[in-house]
Amino acid sequence: MNDSKNASGQKVSGTDPMNDLRLGAARKRLAESRNQDDAIEGLREIIANFLGSEEIGLFRVDRGTGTLPVFWSFGIDPEKYDLLRALGEAGLRRVMRGECHVDLAGGDRSGAMTKVQAFVPIRFANQTIAILAILRLLPQKLAFDRHDMELFKLLSDEAAQPLFGSNVDSKLATEGPGMRA
Amino acid sequence: MAKKILVVDDSKTALMMEREILEKRTTYQCVTAADGQEAVEKAQQEHPDLVLMDVVMPRMNGFEACKMMRQQPSTREIPIVLVTTRGEESYMEAGFQSGCNDYITKPVNGAELVALVQSYLGE
């Protein structure tokens with residue numbers, strides 16, 4: 001039996017062959033991205049097909065200005081909802097340190113507002129270089145589960161290079177410390 | 001001879017995942033198409049035992065492709081399972097009106113997908 005840790009650092013016992021196939025497909029899709037646009041499309045497909053959401057925001061860490069501008073979004077207007085505010089300062093610090101912030105209680109079904117279900121740090125060289133926000137879940141997706149946490153971990157560890165490519169290293173070199181929500 | 005499934009989706013990720021599940025967890029063989037129009041053509045050429053098809057696709061959507069396959073004598077009897085992110089009753093009803101046999105929603109549960117496909121094709 002294999003043990004592994006999920007994105008929250010909890011021990012997960014055993015593996016599920018179906019989940020391994022899903023993780024393998026996600027990893028392959030990201031790795032085979034031809035360019036940044038294709039990687040972004042791959043990220044959208046992974047979130048829609050495997051995690052059950054079609055409302056996504058991606059924020060790029062700019063340490064130079066201490067801000068998190070919107071890099072890309074799908075299904076929502078991130079500026080309108082001020083998504084990162086929902087994290088709060090403490091939550092943002094945790095995500096910047098590399099922890100996923102996930103609402104395991106399930107989706108907001110009211111439809112009246114866009115509620116963030118997960119914040120996933122996109123990491124490169126032990127630094128968070130972007131934050132992925134996943135919003136309302138599809139009606140048939142009731143809540144994230146432990147397998148989803150493994151997929152968040154994969155995105156956190158492996159999405160940076162396909163998404164930001166060769167810009168990753170040079171960007172990090174010019175970025176200083178400090179960040180605000 | 002292995003039974004053949006035509007897997008149709010414009011998402012490379014979904015195609016990859018569904019194909020992996022079906023080929024690694026069953027004995028079926030998969031062929032793929034990236035939209036409804038290609039699916040109609042491939043169904044006529046490949047004579048699959050089942051079609052697993054996304055709904056929202058460019059060129060021709062899954063509902064239209066399903067209707068076209070039902071009009072062609074060579075594809076009329078092939079079981080068609082639609083796969084989509086839209087789970088509303090009205091949407092599912094539209095799927096059944098187009099002629100599909102079954103309907104599953106994304107995110108696809110691998111075990112459910114295998115069980116559903118096996119219910120049509122046998123193990």
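In this predicted model, helices α2(A) and α1(B), which belong to the two sides of the contact between chains A and B, are oblique to each other, because the angle between them is about 50 degrees. The axes of α2(A), which spans residues 36-51, and α1(B) lie 8 Å apart. On the side of α2(A) the residues that make this contact are Gly42(A), Glu45(A), Ile46(A) and Asn49(A), and on the side of α1(B) they are Lys12(B), Thr13(B), Ala14(B) and Met17(B). Sorted by class, the residues of this helix pair comprise 3 nonpolar, 3 polar and 2 charged.

**The contact between the chains**

Taken as a whole, the contact draws on 20 residues from chain A and 16 residues from chain B. On the side of chain B that touches chain A, at least two residues come from each of α1 (12-25) and α5 (110-121), and α1(B) gives the largest share, with 8 residues. That side of chain B is made up of 6 nonpolar, 6 polar and 4 charged residues.

**Helix pairs**

Two packed helices are described by the angle between their axes and the distance between the axes. The table sets out these values for three pairs in the model.

| Helix pair | Angle | Distance between axes |
|---|---|---|
| α2(A) and α1(B) | about 50 degrees | 8 Å |
| α1(B) and α5(B) | about 60 degrees | 10 Å |
| α1(A) and α5(A) | about 20 degrees | 10 Å |

Within chain B, α1(B) passes α5(B) in a right-handed crossing. Here Glu18(B), Ile21(B), Leu22(B) and Arg25(B) of α1(B) meet Gly110(B), Leu113(B), Val114(B) and Val117(B) of α5(B), and the residues of the contact divide into 5 nonpolar, 1 polar and 2 charged.

Within chain A, the packed pair consists of α1(A), residues 17-31, and α5(A), residues 146-158, at an angle of about 20 degrees. That angle makes α1(A) roughly parallel to α5(A), and α1(A) passes α5(A) in a right-handed crossing. From α1(A) the contact takes Asn19(A), Arg22(A), Leu23(A), Ala26(A), Arg27(A) and Leu30(A), while from α5(A) it takes His147(A), Glu150(A), Leu151(A), Leu154(A) and Glu158(A). By class, this contact of α1(A) with α5(A) has 5 nonpolar, 2 polar and 4 charged residues.

**The sheet of chain A**

Strands of a sheet pair through backbone hydrogen bonds, either parallel or antiparallel. In chain A, 5 strands in the order β4-β3-β7-β6-β5 form an open sheet whose pairing is antiparallel. Its edge strands, each of which pairs on one side only, are β4 (70-74) and β5 (101-102) of chain A. Elsewhere in chain A's sheet, β6(A), residues 118-124, and β7(A), residues 127-134, pair in the antiparallel sense over 7 bridges, and Val120(A) stands opposite Leu132(A) in β7(A). The loop between β6 and β7 of chain A holds Asn126(A), a residue that has a positive phi of about 60 degrees although it is not a glycine.

**The sheet of chain B**

Chain B also has an open sheet of 5 strands, here in the order β2-β1-β3-β4-β5 and with parallel pairing. The edge strands of chain B's sheet are β2 and β5 (102-105), each pairing on one side only, and the twist from one strand to the next averages 20 degrees.

Strand β1(B), residues 4-8, runs parallel to β2(B), residues 29-33, and 5 bridges join them; in this pair Val7(B) stands opposite Thr32(B) in β2(B). Between these two strands the chain passes through α1(B), and the β-α-β crossover from β1(B) to β2(B) is right-handed. Helix α2(B), residues 36-46, lies across β1, β2 and β3 (50-54) of chain B and runs at about 170 degrees to β1(B).

Farther along chain B's sheet, β4(B), residues 80-84, and β5(B) run parallel and are joined by 4 bridges, with Thr105(B) in β5(B) as the bridge partner of Thr84(B). The loop between β5 and α5 of chain B contains Pro107(B), and the peptide bond that joins Lys106(B) and Pro107(B) is cis, with omega about 0 degrees.

Note on methods:
Residues numbered from 1 in each chain as written. Chains lettered and ligands numbered in written order. Predicted model: local features only at pLDDT ≥ 70, side-chain atom pairs only at ≥ 80, totals over all residues. Contact = placed C-beta atoms within 7 Å. Nonpolar A, V, L, I, M, F, W, Y, C, P; charged D, E, K, R; others polar. Axes fitted to C-alpha atoms, helices over the stretch in contact; angles between N-to-C directions. Parallel < 35°, antiparallel > 145°, perpendicular 65-115°, else oblique. Left-handed = near helix turned anticlockwise from the far one by under 90°. Pairing = 2+ DSSP bridges. Right-handed = clockwise from strand over helix to strand, strands pointing away.
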